[in-house]
Amino acid sequence: MQQLGFTRSSVQPDHALLTPDTFIRALLPGMSKAIAIVHTAPALGAAFTEYTVEFEAGGRVGPAPEAVQRFVYVLEGEVVLEAGRKKHRLKPGGYAYVPADVAHSLASSQPSRAVLIEKPYQELEGVEPPKLFVGDEGKIPGTPLGGDEALQVRVLIPDVMPHDFQVNTMTFAPGASLALVEIHVMEHGLLMLQGGGIYRLNEKWYPVQAGDFIYMAPYCPQWFGALGKTPAKYLLYKDWNRHPLE
């Protein structure tokens, strides 16, 4: 169907759905034996950058740009985060937060994939910036969203004032859906990790599945319902804990 110019991908003024058949890979500074699929960036209107890195065996990624913090979530293989004299081995579901201007690198001895989210850090007077930490999503208990046991949220970045963004995973049992159409000031980056369903973005409804990426601008109406016989799960970024005027 691509020969006929067909794709599920769509870029609109307040949202974008990007599907794997339209992904383009590019080498970014600091990468060797690795390649990036840039899902969203300021060029699309986002205040953050999110991309998937595909590592070859022996692949490496250098530190984030100056004054930029980084979040890493491993999809496949194993990625080693080296910061100072410490090495942290991250397997699928493993993640790390690296504060701005902390010297570090990411490397893999095997073919691996990881999602990187980067954003300039917004300081708050009287609040100490967050420290580097690592975690494992599999060890985080799920919390029902709005009391709905069929929709489980796992918070990967602590909801405390030093952090200016959050990253969560959301898992929907087959047939589960958000309780309302959300409209809010936060923007989102969303990577479908498994399963699929229907996403409403503004006045459009899109079938989505594992591997798809969605960008949602502030105030874009949004809703998701899971379809199929297996749970649907996605990784979700949102800006957080800062005044809208800052």
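In which sense, and over how many bridges, do β15 and β21 pair? I began my notebook with this question, and I note at once that the model is a predicted one. I found that β15 and β21 pair in the antiparallel sense, over eight bridges.

**Entry: β21 and its partners**

I looked up one bridge of this pairing and found that Phe172 has Ala232 in β21 as its bridge partner. I then turned to β16, residues 188-194, which pairs with β21 in the antiparallel sense over six bridges, and here I noted that Gln194 stands opposite Lys233 in β21. I also checked how β21 sits in the model: seven of its eight residues are buried, so the strand is largely enclosed by the rest of the structure.

**Entry: the sheet of eight strands**

I followed the pairings outward and wrote down an open sheet of eight strands, in the order β1-β2-β19-β16-β21-β15-β14-β13, with antiparallel pairing. At its edges I have β1 and β13 (143-145), each of which pairs on one side only. For the turn between neighbouring strands of this sheet I recorded an average of 25°, with direction ignored. At the β1 edge I counted three bridges between β1 and β2, which pair in the antiparallel sense, and I noted Leu17 in β2 as the bridge partner of Ser10.

**Entry: Ser9**

Where does Ser9 lie with respect to β1? I placed Ser9 in the segment before β1, which covers residues 10-12. Its relative accessible area is 18%, and because the limit for a buried residue is under 20%, I entered Ser9 as buried. Leaving aside neighbours within four places in sequence, I listed Leu17, Leu18, Thr19 and Thr22 as the residues in contact with Ser9. With Thr22 there is also a polar contact between the two side chains, at 2.8 Å.

**Entry: the sheet of three strands**

I next looked up an open sheet of three strands, which has the order β18-β17-β20 and antiparallel pairing. Its edge strands are β18 (204-209) and β20 (222-227), each pairing on one side only, and its neighbouring strands are turned by 20° against each other on average, direction ignored. Between β17, residues 196-201, and β20 I noted six bridges, the two strands running antiparallel. In this pairing Tyr199 stands opposite Phe224 in β20.

**Entry: nonpolar cores**

Which residues have the most contacts inside the largest nonpolar core? I wrote down Phe71, Tyr73, Leu156 and Val167, in a core that has 25 residues. The elements that give two or more residues to this core are β2 (15-18), β6, β9 (94-98), β11, β15, β19 (213-216) and β21 (232-239), and β6 gives the most, with three residues. I took Val167 as an example and, leaving aside neighbours within four places in sequence, found it in contact with Phe71, Ile117, Arg154, Val155, Leu156, Ile157, Leu235 and Leu236. I also recorded a second, separate core of 21 residues, which includes Tyr206, Cys220, Ala232 and Tyr234. As a general remark, nonpolar side chains tend to be buried together in soluble globular proteins.

**Entry: salt bridges**

How many salt bridges does the model hold? My count came to eight, and I looked at some of them in detail.

The side chains of Glu76 and Arg113 meet in a salt bridge, at 3.2 Å from N to O. This pair links distant parts of the chain, since Glu76 is in β6 (residues 68-76) and Arg113 in β11 (residues 112-120), 37 residues apart. I entered Glu76 as partly exposed, with a relative accessible area of 40%, and Arg113 likewise as partly exposed, with 28%.

Lys119 forms a salt bridge with Asp164, the closest N and O atoms lying 2.9 Å apart. Here too distant parts of the chain are linked, with Lys119 in β11 and Asp164 in the loop between β14 (148-155) and β15 (165-172), 45 residues apart. Are the partners buried or exposed? I found Lys119 buried, at 5% relative accessible area, and Asp164 buried as well, at 0%.

The side chains of Glu203 and Arg200 meet in a salt bridge of 3.0 Å, N to O. In this pair I noted Glu203 as exposed, with a relative accessible area of 55%, whereas Arg200 counts as buried, at 16%.

Methods
Residues are numbered from 1 along each chain as its sequence is written. This is a predicted model: local features need pLDDT of at least 70, side-chain atom pairs count only at pLDDT 80 or more; totals for chains, interfaces and linings use all residues. Side-chain values use heavy atoms; hydrogens and water are left out. Helices (H or I, at least four residues) and strands (E, at least two) are DSSP runs, numbered from the N terminus. Buried means under 20% relative accessible area, exposed over 50%, partly exposed in between (1.4 Å probe, protein chains only). A polar contact is a pair of N or O atoms within 3.5 Å; within protein, one must be able to donate a hydrogen and the other to accept it, and residues adjacent in sequence count only if both atoms are side-chain atoms. Contact means heavy atoms within 4.5 Å. A salt bridge is a side-chain nitrogen of Lys or Arg within 4 Å of a carboxyl oxygen of Asp or Glu. A nonpolar core is a set of buried Ala, Val, Leu, Ile, Met, Phe, Trp, Tyr and Cys residues joined through side-chain atoms within 4.5 Å. Two strands pair if DSSP finds at least two bridges between them. Axes are lines fitted to C-alpha atoms, for helices over the stretch in contact, and angles run from 0 to 180 degrees between N-to-C directions.
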